Each structure stands twice: as C-alpha cells, then as structure tokens.
Amino acid sequence: MKRIFVPLLVACATTACAQNTKPSNADIAEVRRIETVLSHDSMQGRRAGTPGSDKAAAFIAAEFKKAGLQPLPNGGYLQSFKVLRPKQTALTATLNGAALEAKNVLVITTQPDLKVSNTSGYNTVTIAAGESIAEKATAAAQAAQNTVVFVDTSFANIFPRLSAFKRQLFAGGSNVVFIMTAVQPQSYEVSVQHTFDETAMANVVGILPGKSKASEQVIFSGHYDHLGIGKPVNGDSIYNGANDDAAGITAVIMLANHFKKQGGNQRTLVFAAFTAEEVGGFGAQYFSKQFDPAKVAAMFNIEMIGTESKWGKASAYITGFEKTDMGAILQKNLQGTGFTFHPDPYPDQQLFYRSDNATLARLGVPAHTISTSKMDSEKHYHTVDDEIETLDLENMAAIIRAIAQSSRSIVEGKDTPSRVDTKSLR
C-alpha cells in the first residue's frame with residue numbers, strides 16, 4: 001500500500017489552527033518514524049567517524065532530498081571535511097639568536113614539516129601581562145591567517161593549556177605559532193615536525209532558497225552524532241541517543257518539510273545536521289566557517305526535546321535568552337497558543353557555550369539552542385537507556401510545531417533578532 005505523507009502543520013494555514021500547538025496524529029507518527037530509524041541499534045550509537053554515523057548521515061540526506069531541499073554546490077547534501085589529530089615529533093626554535101626550550105613554543109599546523117621565521121611574512125600578535133590571554137589566543141587560533149603570537153612569561157602557568165587548540169584540527173587550516181618570552185622579539189625561527197591521524201567526517205546540509213531576502217540566512221540545526229558503543233550495562237552496549245540528539249534532528253527534518261510546504265520564506269533557510277558535537281563540536285565549527293556571520297539572521301539549534309521540561313508540557317527553554325531579543329520574538333508569535341519559551345534555568349552549566357550554537361553566537365549571530373532537557377536530573381543523559389521508549393513523542397511533536405510557528409516572522413523576513421554583544425562573551 002502506498003504511504004501518504006502529511007507534512008507537519010499542513011492544516012495550519014488557518015488563523016484558528018495557529019492558536020494552538022497541539023500536534024496531529026500524522027505529526028506524532030512522523031516523529032516516531034524518524035526517531036525509530038535514528039536511534040535504532042543498527043546505527044551503532046552514531047559516533048562521529050564510524051560506519052553508524054555514515055549510515056545516519058545517508059538517512060538524513062535522503063530525508064532532505066525527499067523534502068525538496070536543494071543540495072550544496074558540490075551537488076550533494078554531505079558537507080565533508082577532515083579532522084586531523086597531530087602528534088609532534090620534533091621541534092627546535094631560537095629567539096634573538098638564542099635557543100628556546102620546546103616547552104615555551106606551541107605550534108598549531110596541519111603541515112607535516114613547517115619552518116617559520118621573522119622573514120616568513122606572518123602576522124604578529126603580542127599578549128602582554130595583564131591582557132586577556134584567553135581572548136587573544138582564541139582569536140589568533142581561529143584566524144584565517146598565519147600568525148605568530150608572543151606571550152608574556154607572566155602567563156607561564158597558563159601557557160601549557162593552549163595545547164587544547166591543537167588536539168584536533170581541520171585540514172588546510174592556518175598556521176599559528178605561540179612563543180612565550182620575556183624579551184623583545186627581534187628575530188625568531190621555529191622548525192617543527194608532526195605526524196597526523198586523519199578522520200573523515202561530514203555534516204548534512206540542505207537549503208531552501210529565499211525570495212526577497214535570499215542573501216540572508218536562517219539556520220535550523222541539531223547534531224546527529226552520539227557516543228557510539230561502550231562498555232555493556234546490563235547487556236546493552238549501544239548508546240542510542242534518542243533524545244541526544246536524534247530528537248533535534250527529527251525536528252530539523254520535520255521543519256524542512258513544513259517550510260518547503262509553506263513556501264513563504266523570504267530568507268534562505270539552511271537545515272543542518274552536525275557531526276562530532278560530542279567530541280568537540282567540530283561539525284558546527286566547520287559549518288560556521290562557510291558563512292558570513294553578518295548575513296545570518298538567526299540560528300535555531302535544537303537539542304534534547306524528547307522529554308518534558310521542568311515546567312511540564314507545552315514549554316521549552318532557550319539558552320542565552322537574555323543575550324538577544326529572539327526569545328521575545330518567538331513568544332510574540334506564540335501568543336494564544338499556550339506554549340511558553342523560558343530562559344535557560346541552568347545558567348551555572350553554561351549551556352549557551354556548550355552546544356552547536358556557540359560558534360556563530362561568538363561572532364554576534366542571534367544563535368540559540370532550544371531544549372527541554374532537565375540538566376540537573378535527566379536520568380538517561382549519556383547512558384545506554386537513552387532510547388525511544390523513554391521519550392514523550394506527542395510533546396516532542398508539539399514542541400516542533402511551536403518552533404515552526406514561533407519562527408515564522410523571522411523566516412518571512414518581518415522580524416530580525418538583535419545581535420549578540422560579542423564583548424559579553426569574553
């Protein structure tokens with residue numbers, strides 16, 4: 001028998017329907033269908049860089065194609081990239097003609113053999129005593145240009161922590177050399193060798209082109225990776241990740257179908273399923289590098305919406321609620337529905353910085369994560385018991401409907417959220 005698919009909110013073109021977020025039976029059935037596939041044992045927990053992850057990516061790509069989204073310029077829905085894990089095998093360095101100890105030099109590179117000197121034409125940055133080493137070092141590490149950073153010796157206790165920047169790197173990235181010194185650098189020379197373990201990864205991205213404001217983007221995202229296979233617990237070794245974050249990807253797929261059906265998006269809509277969130281957020285970081293942040297009007301990152309929030313049904317929270325007026329816009333669009341978005345109730349956990357919205361938010365984009373996860377008592381979080389049977393699928397469908405309704409004025413180009421004050425993130 002031929003299956004008939006009813007798109008999310010297909011009957012919600014009327015004003016009356018817009019006054020509630022109660023899902024239809026078709027909505028709930030679609031949530032169940034997508035969740036069942038993504039959280040199935042055959043996906044092997046979807047750990048980034050594994051066959052299970054590849055299988056999940058292929059499923060999501062097929063769903064994007066079926067929804068009628070446009071592929072990437074490469075002709076497909078996979079946004080492929082490589083992550084390199086470096087191992088330093090040799091390093092020699094001099095400053096003003098004197099030898100430097102290796103512990104006072106840190107090199108971030110994806111080149112096996114690199115030599116840098118004061119004649120190499122690199123940009124130079126100085127982190128003086130009393131300045132913010134975190135801010136300036138992060139800016140240098142993320143810059144698109146080759147850079148040498150001279151770090152004052154007052155940061156000797158912190159300097160080793162900068163090695164976090166080189167744990168895993170994107171292939172083809174810029175070179176950054178950190179040198180800790182108490183003397184004025186007149187000349188310098190650094191020679192370093194690395195070997196690399198390489199892992200191929202891919203985000204899944206589909207596009208719904210806009211009309212009058214096509215150069216502006218609104219992003220709907222979640223991460224499809226999880227923890228994979230671990231030590232058996234009561235005979236179960238697969239971390240299925242039904243809530244974390246197959247729930248978010250289910251929402252992204254259903255929203256793609258909804259907005260394609262509606263056809264009223266003046267801004268270009270980008271639907272993204274990120275890989276490698278659980279191992280460092282590399283998928284979102286790579287994805288974010290492909291955009292001009294000034295042209296991203298908003299980002300709806302969706303994570304763990306499969307259980308009730310601390311306020312019960314018909315509610316969710318927005319991380320970084322106070323940092324832009326995006327939450328206020330969403331609430332305005334939900335007036336009369338009975339659904340409420342709340343500020344993040346777990347500020348001590350710094351959730352705004354911990355999910356895939358963070359990279360673009362740090363660049364000023366009103367990029368927020370929507371969630372219901374009770375982070376102080378979510379008993380299935382990162383356990384083998386995070387399976388579809390633990391989810392409230394009806395409430396989850398209602399949340400997806402609420403996201404669709406609340407975002408409509410932004411999608412239609414009628415509202416533009418205020419930007420994140422990047423100074424507040426430092």
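This report walks through a predicted model of one protein chain, from its overall build to a few residues worth a closer look.

Residues are numbered from 1 along each chain as its sequence is written. Because the model is predicted, local features need pLDDT of at least 70 and side-chain atom pairs count only at pLDDT 80 or more, while totals for chains, interfaces and linings use all residues; side-chain values use heavy atoms, with hydrogens and water left out.

**The chain as a whole**

Let's start with the overall picture. The chain holds 10 helices and 17 strands; here helices (H or I, at least four residues) and strands (E, at least two) are DSSP runs, numbered from the N terminus. The C-alpha trace spans about 75 × 50 × 45 Å along its principal axes. The radius of gyration is 23 Å, which agrees with the value near 22 Å for a compact globule of 426 residues. That radius is taken over C-alpha atoms, and the globule rule is 2.2 Å times the number of residues to the power 0.38.

How much of the chain is buried? Of the 426 residues, 53% count as buried, where buried means under 20% relative accessible area, exposed over 50%, and partly exposed in between (1.4 Å probe, protein chains only). The chain exposes about 18,400 Å², and carbon and sulfur atoms supply 51% of that area. Accessible areas come from the Shrake-Rupley method with a 1.4 Å probe, and for residues only the protein chains shown count as cover.

Contact means heavy atoms within 4.5 Å. Among contacts between residues at least 6 apart in sequence, 84% join residues at least 24 apart. As for charge, the mean positions of the 41 positive and 40 negative charges are 5 Å apart. Lys and Arg count as positive and Asp and Glu as negative, without His or the chain ends, and each charge is placed at NZ of Lys, CZ of Arg, CG of Asp or CD of Glu.

**Two helices**

Helix α1 (residues 25-38) has 14 residues and reaches 20 Å from its first C-alpha to its last, close to the 20 Å expected at 1.5 Å a residue. The expected span is 1.5 Å times one less than the number of residues. Its buried residues are Asp27, Ile28, Glu30, Val31, Arg33, Ile34, Glu35 and Leu38. An α-helix has 3.6 residues a turn, so residues three or four places apart point the same way. The cover over the buried residues of α1 includes α2 (51-67), α4 (242-262) and α9 (393-406).

Helix α4, then, is part of that cover. With 21 residues, α4 reaches 28 Å from first C-alpha to last, close to the 30 Å expected. It is largely enclosed by the rest of the structure, because 18 of its 21 residues are buried. Asp245 is found in this helix, and the peptide bond from Asp244 to Asp245 is cis, with omega near -5°. Gly263 follows α4 and has a positive phi, near 70°.

**Buried residues in loops and a strand**

The table gathers some buried residues with their locations.

| Residue | Location | Relative accessible area |
|---|---|---|
| Arg46 | loop between α1 and α2 | 0% |
| Gln79 | strand β1 (78-95) | 10% |
| Met304 | loop between β14 (296-302) and β15 (315-318) | 6% |
| Ser373 | loop between β17 (367-371) and α9 | 0% |
| Asp386 | loop between β17 and α9 | 2% |

Backbone angles deserve a mention too. Most residues other than glycine have a negative phi, and most peptide bonds are trans. Arg46 has a positive phi near 55°, and Met304 has a positive phi of about 55°.

Which residues does Ser373 contact beyond its neighbours within four places in sequence? They are Met304, Thr307, Tyr317, Tyr346 and Glu378. The C-alpha atoms of Ser373 and Ile305 are separated by 6.5 Å, with the two positions 68 residues apart along the chain.

Asp386 has contacts that lead back to α4: leaving aside neighbours within four places, Asp386 is in contact with His226, Asn240, Gly241, Ala242, Asn243, Asp244 and His380. The C-alpha atoms of Asp386 and Gln145, 241 residues apart along the chain, are separated by 42 Å.

In strand β1, Gln79 touches Leu72, Met201, Ala202, Asn203, Val205, Tyr286, Phe287 and Gln290, not counting residues up to four places away.
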